[in-house]
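Got your viewer open? Here is a guided tour, stop by stop, with something to select at each one.

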Amino acid sequence: MEVASTETANLNTAVDDGRAEEGGRRPQHLDRLSFSPVQLPHLADYLPNLQTITNPLENSQFYHPSDEFYLSSSDVILRQTVLDLSGNFHSPSTSPHLSYPRAGPRKLIFFDPSHVRAAIVTCGGLCPGMNTVIRELVVGLWELYGVREIYGVKAGYRGFYSGEPVRLNPKLVHNWHKMGGTVLETSRGGFDLDKIVNGIQDRGFNQVYIIGGDGTMRGAVTIFNEICHRKLNVAVAGIPKTVDNDIGIIDKSFGFQTAVEMAQQPINAAHVEAESAVNGIGLVKLMGRSTGHIALHATLSSRDVDCCLIPENEFYLEGKGGLFEFLDARLKENGHAVLVVAEGAGQDMIPRTDAQKEERDESGNPVFLDVGGWLKSELKKWWARDHPDELFTVKYIDPTYMIRAVPANATDNLYCTLLAHSAIHGVMAGYTGFVCGPINGNYAYIPVKEVALAKNEVNTRDHKWAWVRSVTNQPDFGRS
Ligand SMILES: Nc1ncnc2c1ncn2[C@@H]1O[C@H](COP(=O)(O)OP(=O)(O)OP(=O)(O)O)[C@@H](O)[C@H]1O
Ligand SMILES: O=P(O)(O)OC[C@H]1O[C@](O)(CO)[C@@H](O)[C@@H]1O
Ligand SMILES: [Mg+2]
């Protein structure tokens, strides 16, 4: 059984680059560098009598596995690859380093493919690449391992207890990667733990692949815990999805790169509209419920953006250092300006009723007011007040759903394929309660409970945000 040890292993030689200190001695602080393998849940943790079989890839005409082909518990991915060897132990990079099992095929597997009943579900908002992940799960299970019973659970978590799952096969999903959205349909809310796990049990599913964002992963943790509690022979794998890129630990979620690419078109249009008007402002709202990654990356890629507003960096309109003062100067200088605003930015400034303050979607996420519409109206009021005799135009573009409802681009399609195959190999090896994803470019298995807790926010103290400010020259709104 391949369960990583919880013991901290001292792997001192791993950091010795051969440039010995004076007298050939290693600096003492390097001896304190250590690696802490994270224990990944495994079905054998609570089902000790499970039988293993040899991976069918052994007989695949395409793979011809050599000894190095299979991974074992000693193959790990470090959470941090940037180290501080100076001996400054205040730096987080010199605390014991977490390592996760590396994703990939194992020689011994814990499922007989002829007994597998796999379920695939998509939850939460749309994201480019959802259909690719479904397709690759189906094709991967079928072609790599010879699984024949694969089901799509319809319309999110509620599909486990309402409606019939659909049987999937490679022929059926052949073209799905070319389509936006999710053919299986998705939804928010409907999370009823008992009904979901009963549904899994009643339908005889023993592998559950859950495609979703942070909320979905929190749900997956409780499903996994309940499955362990009931001691079911059911493996649960999460595949991180969200266009907002707000999931922590992994490098990025799938679909994010497509979204950034798609955002270029509305930004270009906003630029053209603004440039072609007298005192023209092009305003583009992009998705980003609580994180501004799409806005930030789209801004850095475009270079036509004059100001990027994100939830992590509060802003204000009036007075010294405010948005209006900045735009006034930019319009005098260039005659036009382009603003990109993430949907979650500036929400505290938008007047709302008590009822609106309490409003939540079916999953419990706060419902936002339209920051773009509000900003447009504030900009118009400001100009009419301060420059009543001068022409002024604001063109507001809201491409939010157009950006996420498209098929994945080539890079994201490949990424989705690697995620799906990683998930399959992990589940077949008996791992459960995990999420697969790249950490510093290497694919790892991470306990889903860690992923559910981790959040990926824009760090407004790091070089990327500094670069946005240097590209746009926008105000820092009192942060420095
Ligand atoms: N804490 C939680 N416990 C159990 N289930 C949850 C929890 N949070 C959310 N869920 C369920 O997970 C599903 C998806 O959640 P949500 O709508 O927040 O989307 P998401 O997975 O975060 O994806 P995205 O942010 O990309 O839209 C819903 O069915 C919701 O009920
Ligand atoms: O309108 P919907 O489908 O509930 O989703 C909107 C939300 O979904 C996301 O795309 C992902 O969470 C957010 O950026 C956005 O706030
Ligand atoms: Mg979410």
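**First stop: the loop after strand 10**

Select N245, which sits in the loop between strand 10 and helix 5 (256-262). Helices (H or I, at least four residues) and strands (E, at least two) are DSSP runs, numbered from the N terminus. Before going on, keep in mind that this is a predicted model, in which local features need pLDDT of at least 70, side-chain atom pairs count only at pLDDT 80 or more, and totals for chains, interfaces and linings use all residues. Residues are numbered from 1 along each chain as its sequence is written, while chains are lettered from A and ligands numbered from 1 in the order in which they are written.

Check the backbone of N245: its phi is near 60°, a positive value in a residue other than glycine. Most residues other than glycine have a negative phi. N245 is also buried, with 28 other C-beta atoms within 10 Å. Here a residue is buried if 20 or more other C-beta atoms lie within 10 Å of its own, exposed if 12 or fewer, and partly exposed in between, with C-beta atoms placed from the backbone.

Now pick I249, in the loop between strand 10 and helix 5. I249 is not a glycine, yet it has a positive phi of about 70°. Buried or exposed, what would you call I249? I249 counts as buried, because 20 other C-beta atoms lie within 10 Å.

**Back along the chain: strand 10**

Select residues 235-240, which make up strand 10; six of its six residues are buried. In a regular strand the side chains alternate between the two faces of the sheet. Turn strand 10 to see both faces: A235, A237 and I239 are buried on one side, and V236, G238 and P240 are buried on the other.

Add strand 9 (residues 207-212), which pairs with strand 10 in the parallel sense over six bridges. Two strands pair if DSSP finds at least two bridges between them. To find the register, look for Y209, whose bridge partner in strand 10 is A237. Then add strand 15 (residues 434-439), which is joined to strand 10 in the parallel sense by two bridges. A237 turns up again here, with F434 as its bridge partner in strand 15.

Show helix 4 as well: strand 9, helix 4 and strand 10 form a right-handed β-α-β unit. A crossover is right-handed if, with the strands pointing away from the viewer, the path from the first strand over the helix to the second runs clockwise.

**Next: strand 6**

Select residues 117-122, strand 6. Five of its six residues are buried, so strand 6 is largely enclosed by the rest of the structure. Strand 6 runs parallel to strand 7 (residues 149-153), with five bridges joining them, and I120 has G152 as its bridge partner in strand 7. Follow the chain from strand 6 through helix 1 (residues 130-145) to strand 7, and you trace a right-handed β-α-β crossover.

Strand 6 is also joined to strand 9 by five bridges, again in parallel. T122 is the residue to click, with I211 as its bridge partner in strand 9.

**The ligands**

Center on ligand 1. Which residues come nearest to ligand 1? Of the 22 residues around ligand 1, the nearest are G124, G125, G213, G215 and G219; a residue is near a molecule or strand if its C-beta atom, placed from the backbone, lies within 6 Å of it. Helix 4 (residues 214-229) gives the largest share of this shell, six residues. By class, the shell around ligand 1 has four nonpolar, 14 polar and four charged residues. Ala, Val, Leu, Ile, Met, Phe, Trp, Tyr, Cys and Pro count as nonpolar, Asp, Glu, Lys and Arg as charged, and the others, Gly among them, as polar.

Move on to ligand 2. Its surroundings include G125, G213, T242, D244, R289, E343 and R404, and the shell divides into two nonpolar, four polar and five charged residues.

**Stepping back: two domains**

Color domain 1 (108-253 + 408-452) and domain 2 (256-405) separately; these bounds come from an automatic or database domain assignment. The shell around ligand 2 takes at least three residues from each of domain 1 and domain 2. The C-alpha centres of the two domains lie 35 Å apart.
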